[in-house]
Structure formats: C-alpha cells, structure tokens
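Me: I'm new to this one, so could you take me through it and say what each label rests on?

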Amino acid sequence: MQTTLVMKLQIEDQRTIASVQKDFAEHFPFLKIEFFSKSHRAGKGTSKAYMRDTSLRISDCRSKHLNGELEIQPGMTVTELEQRLHDEFGLNVQVFRKSGKLWLETTATDSWTLGAQNTQGEELDHVNISSRRDEVDYHEQE
C-alpha cells in the first residue's frame with residue numbers, strides 16, 4: 001500500500017495536534033507522529049511523560065510560530081521529517097510505526113524512509129491479522 005504521492009502537511013498555530021496527526025495518517029496509515037514538549041537525540045526516544053495531549057493547538061507546542069506547508073515524500077527519512085519539523089516550525093515530534101496492536105518508536109530505524117516504515121507496518125499488521133485468524137481456526141477445531 002506504499003503511497004507515492006507527495007503530502008503537503010499544513011502547520012498552522014490554530015490547528016490541533018489531532019488534526020495534523022489525522023492528515024499524516026491519511027498518507028501513512030501504519031505510521032503516526034506524536035508531539036513532545038522536549039526534543040530528543042538521534043537514535044533515542046522521549047519519555048511518554050513529555051508527550052503532548054492531542055487536543056492542544058500547534059501554537060501551544062512550538063517555539064517558532066511560522067505557519068506554512070511541509071512537503072513530505074515517501075522517500076524522506078524519519079530523521080529528515082523530525083528534523084525539518086523541528087528546524088522549520090519549532091516542533092518536537094517522533095514517528096511511531098504500527099506493529100500489530102502496538103505503536104513502536106522508530107528510533108532504531110530513523111534512517112529508513114517513511115515509505116519503507118509504512119510498508120513494514122502494513123506487513124506486520126497483515127501478519128498479526130493472519131496469526132489471529134489461524135488462532136481462531138485452531139480453537140474452532142477443538
């Protein structure tokens with residue numbers, strides 16, 4: 001399901017975190033971005049204690065109040081996306097990838113492209129669905 005279209009993410013003070021997350025998820029359904037009050041180092045995660053509530057407005061979460069549009073392509077790496085959101089808009093974000101029922105921080109794979117991360121999340125989701133079906137079939141045979 002890898003998307004090939006360029007996404008244009010609107011970053012405006014009046015938008016909520018949830019609305020930005022929704023737009024991102026429409027292009028990368030097996031990824032999500034979380035917003036934090038504190039930045040992180042490359043390859044390191046950020047404590048959940050610093051995660052911003054999704055009802056907050058973007059204006060409450062950033063140090064640079066420039067509104068604009070960020071073009072996001074599937075070939076962009078996670079590191080690039082996180083760095084650009086920080087440098088251009090003063091936002092501290094981390095990308096998470098779906099792994100079955102869990103969302104994992106991509107810190108160990110930040111050098112992967114968003115497209116590759118999304119594809120990996122989709123594959124893990126299908127494996128999880130298949131194993132649940134097998135589980136149900138097995139129990140039905142007992």
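**Core, helix and rings**

Reply: Sure, starting with the core. The largest nonpolar core has 23 residues, and those with the most contacts inside it are Phe24, Ile72, Leu81, Leu91 and Leu114. This is a predicted model, where local features need pLDDT of at least 70, side-chain atom pairs count only at pLDDT 80 or more, and totals for chains, interfaces and linings use all residues. Residues are numbered from 1 along each chain as its sequence is written, and side-chain values use heavy atoms, with hydrogens and water left out.

Me: What makes a set of residues a nonpolar core?

Reply: The members must be buried Ala, Val, Leu, Ile, Met, Phe, Trp, Tyr or Cys, joined through side-chain atoms within 4.5 Å. Buried means under 20% relative accessible area, exposed over 50%, and partly exposed in between (1.4 Å probe, protein chains only).

Me: Which helix gives the largest share of this core?

Reply: That's α2, with four residues.

Me: How many helices and strands are there?

Reply: Three helices and five strands, in the order β-α-β-β-α-β-β-α. Both are DSSP runs numbered from the N terminus: H or I of at least four residues for a helix, E of at least two for a strand.

Me: Why do the buried residues of α1 line one face?

Reply: In α1, residues 17-27, the buried ones are Ile17, Val20, Gln21 and Phe24. Seen down the axis of α1, they fall within an arc of 100°, so they line one face of the helix. The arc is taken from the directions from the helix axis to the C-beta atoms. The face turned away from that buried side carries Lys22 and Glu26, which are exposed.

Me: What does Phe24 touch?

Reply: Leaving out residues up to four places away in sequence, Phe24 touches Met7, Leu9, Leu31, Lys32, Ile33, Ile72, Leu81 and Leu114. Contact here means heavy atoms within 4.5 Å.

Me: Why are Phe24 and Phe28 called a tilted pair?

Reply: Rings of Phe, Tyr and Trp (its six-membered ring) pair if their centres lie within 6.5 Å; planes under 30 degrees apart count as stacked, over 60 as edge-to-face, and the rest as tilted. By this rule the count is one aromatic pair. Phe24 and Phe28 have centres 5.1 Å apart and 35° between the planes, so the pair is tilted. Both Phe24 and Phe28 are buried.

Me: How do you know that Lys32 lies over the face of Phe96?

Reply: The rule asks for NZ of Lys or CZ of Arg within 6 Å of the ring centre and within 35 degrees of the ring normal. Lys32 lies over the face of Phe96 at 5.8 Å from the ring centre, so the distance fits the rule.
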